[in-house]
Amino acid sequence: MLGFTPADYSAILLSVKVATTATLLSLPFAFAVAYVMTYRRFRGMVALDVAVNLPLTLPPVVIGYLLLILLGREGLIGRHVLQPLGIQLIFTWKAAVIATAVVGFPLMVRPMRTAMEAIDERLIHVSRLLGAGWFDTIITVILPVSVRGIIAGSVLMFARGLGEFGATVIVAGNIPGVTQTIPLAIYEYASSPRGDVMALSLCAISIAISVVVLVFHEWLARRMVRRD
Amino acid sequence: MELQVTLQKRFNNFHFDVEFEVQGERIGVFGPSGCGKSTLVGLIAGLSKPDRGKVILDGETLYDGTKNLNIRPEHRRVGMVFQRPSLFPHLSVKGNLTYGLKRCSTANRKIAFDDVVEVLQIKHLMDRGVKYLSGGEKQRVAIGRAVLGNPRLLLLDEPLSALDDSLKFNIVPFLKDVCRTFTIPYLFISHSLLEMQIMTDQVLNLSDGRVLEKTTAEALVRARMGESMAGYMNLLRLTSPQPVDGIYAYNWGDQQLLIASGDTQPEGLFELLSTDIILFKSHPEAISARNLLQCRVIRTFEARHRIGVDLDCGGDGHLVAEVSKQAVEELGIREGSEVYAAVKATAFRKLV
């Protein structure tokens, strides 16, 4: 499109990259959490439920700030885990990935859990009695039967990730070309004089990506209905 | 197959406490719904955990509460067919059938895929998705899937209950054939006495979480005769039907029975209720009922206010009729006496 600076292009790419990475990174964890919450009965289940869903109700800025405290140079994880390993997260695109993953996590878990709860328990019993251990059953029965929930959860998190602002701006900052995603770039254009056109152009890009994602999801869902 | 079970499990307002020992291939577990039949099956399969007890199958301990031994369901080699087929929706028919086969160690693989497919007549369904099968086809695939897991015991948890009557008795021959062909012993769970009569040799009679008695379907049907209006169910296996004036003449031992509900299949299983048999002391000259059999009374038995009459109808033919106490006196029915049994052609119900 006309008039995009290299920083704008990298913001667009970075948005997609961050949302994609966060989604892929969260998938196994979200699946595991959904599985545990559906099939295991244990003490502290309510606590886990609250912890997983907390980002849904907390302001993203709060999450960002907590992550900053946790992962920063003086933070618990930052000082004892990241620094000895020589990993610098804060103010890099990786921090944006983590912020996006945390904020979108409950959105990913929920449809997975709904899908798993809908699985007929007898399918699991049958698979066990046919000689499949619990892990085998997860991979060959629970995963494929709940695949729609997994896709729905992934799409939700990806879409939410594209719009992540509050947590990202705190842990990753707003560095053009490095950590600036589409929402951050729009914010910057919108708050600068004569930035309206650029802000609107980025809005258009944002809408386009969202439409593509939703159409893709719809297409995938229809394809699965047909396959069934 | 030899199965020893002592199991206890307490639910909120239900106390399950059974103890029995059975030997045989065709064992029934009979009882009304809510009596603990499915609980028993789940505990034997290892799908739920008892509070205490012991399960020993063919000398191998599957569960022992005192030794903290609880073999996982995937290692018990116990197959299961539920009321509903519960096929894996994401797999084809073939994928469903081979699921257990693939996970069965080669040492235990005794049943060949092609043989099961042939007995169950499901070859033409092989590449279909399971959603495109009829109810009966689905249940046949479910039976095949369980059998191909090469179980040493098959738990049939009301496998016919969800099917309508005509379909139910279509599945029966498949179920019997497959278990006989591959010599798989089974526990057949049901609340239907008719199914018990067809499918089992011995029956565990369950009530309210306890085993009341170890008996046979025959004994249960006789005992129930006095309580139920339906009476005793005679099951007749008849052969070689010939069409005669719009109905069918079937061979029964060395005599013929005329039956309205017949068809051209070479063999059929028919139900005839004891209440549909009328007894005469001497030969009635003219009678509208199409079947008149000369019989000898083997014995009589009492069931509440009714009297059951065991009849030897010549050849291997054997029927149970049911009469009131007054009728017994009026007809002079006693052991060895001769009577005529009249049955209408429409009284027979074709099951298979």
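Arg306(B) stands opposite Ser324(B) in β19(B). I begin with that pair because the model under discussion is a predicted one, and this corner of chain B is a convenient place to enter it. 

The strand that carries this part of the sheet is β18(B), residues 306-312. Is β18(B) enclosed or not by the rest of the structure? Five of its seven residues are buried, so β18(B) is largely enclosed.

Let me turn to its two neighbours. On one side, β17(B), residues 291-303, pairs with β18(B) in the antiparallel sense over seven bridges. Within that pairing, Val297(B) has Leu311(B) as its bridge partner. The two strands form a hairpin with two residues between them, and Arg304(B) in the turn has a positive phi of about 55°. On the other side, β18(B) pairs with β19(B), residues 318-324, again in the antiparallel sense and over seven bridges. Here Asp310(B) has Val320(B) as its bridge partner. This second hairpin has five residues between the strands, and Gly314(B) takes a positive phi near 85°.

These strands belong to an open sheet of five, in the order β16-β20-β17-β18-β19 of chain B, with antiparallel pairing. Its edge strands are β16(B), residues 278-280, and β19(B), each of which pairs on one side only. From one strand to the next, the twist averages 45°. Helix α8 of chain B, residues 217-225, packs on the sheet and touches β17, β18 and β19 of that chain. The direction of this helix makes about 85° with that of β17(B).

I now come to two further backbone angles. Most residues other than glycine have a negative phi. Thr183(B) has a positive phi, near 40°. Where is Thr183(B) found? Thr183(B) lies in the loop between α6 (165-181) and β9 (186-190) of chain B. Thr183(B) is exposed, with 10 other C-beta atoms within 10 Å. In chain A, Arg194(A) likewise has a positive phi, near 60°. Arg194(A) sits in the loop between α10 (182-190) and α11 (196-227) of chain A. Arg194(A) is exposed, with 7 other C-beta atoms within 10 Å.

Staying with chain A, I consider a pair of helices. Helix α1(A), residues 6-39, and helix α8(A), residues 147-162, pack at an angle of about 145°, with their axes 9 Å apart. Their crossing is right-handed. Among the residues that meet there are Val18(A), Ala22(A), Leu27(A) and Phe31(A) from α1(A), and Ile150(A), Gly153(A), Met157(A) and Phe158(A) from α8(A). What classes of residue make up this contact? The contact of α1(A) with α8(A) divides into 10 nonpolar, seven polar and no charged residues.

Next, the interface between the chains. In total, 15 residues of chain A are in contact with 18 residues of chain B. On the chain A side, α6 (121-129) and α7 (134-145) each supply at least two residues. Helix α6(A) gives the most, with six residues. By class, the side of chain A that touches chain B has eight nonpolar, three polar and four charged residues.

Finally, the confidence figures. Chain B averages a pLDDT of 92, and 100% of its residues score at least 70. For the complex, the predictor gives an ipTM of 0.84 and a pTM of 0.85.

Note on methods. Residues numbered from 1 in each chain as written. Chains lettered and ligands numbered in written order. Predicted model: local features only at pLDDT ≥ 70, side-chain atom pairs only at ≥ 80, totals over all residues. Contact = placed C-beta atoms within 7 Å. Helix = DSSP H or I, 4+ residues; strand = E, 2+ residues; numbered from the N terminus. Nonpolar A, V, L, I, M, F, W, Y, C, P; charged D, E, K, R; others polar. Axes fitted to C-alpha atoms, helices over the stretch in contact; angles between N-to-C directions. Left-handed = near helix turned anticlockwise from the far one by under 90°. pLDDT = per-residue confidence, 0-100. Buried ≥ 20, exposed ≤ 12 C-beta atoms within 10 Å, placed from the backbone. Pairing = 2+ DSSP bridges.
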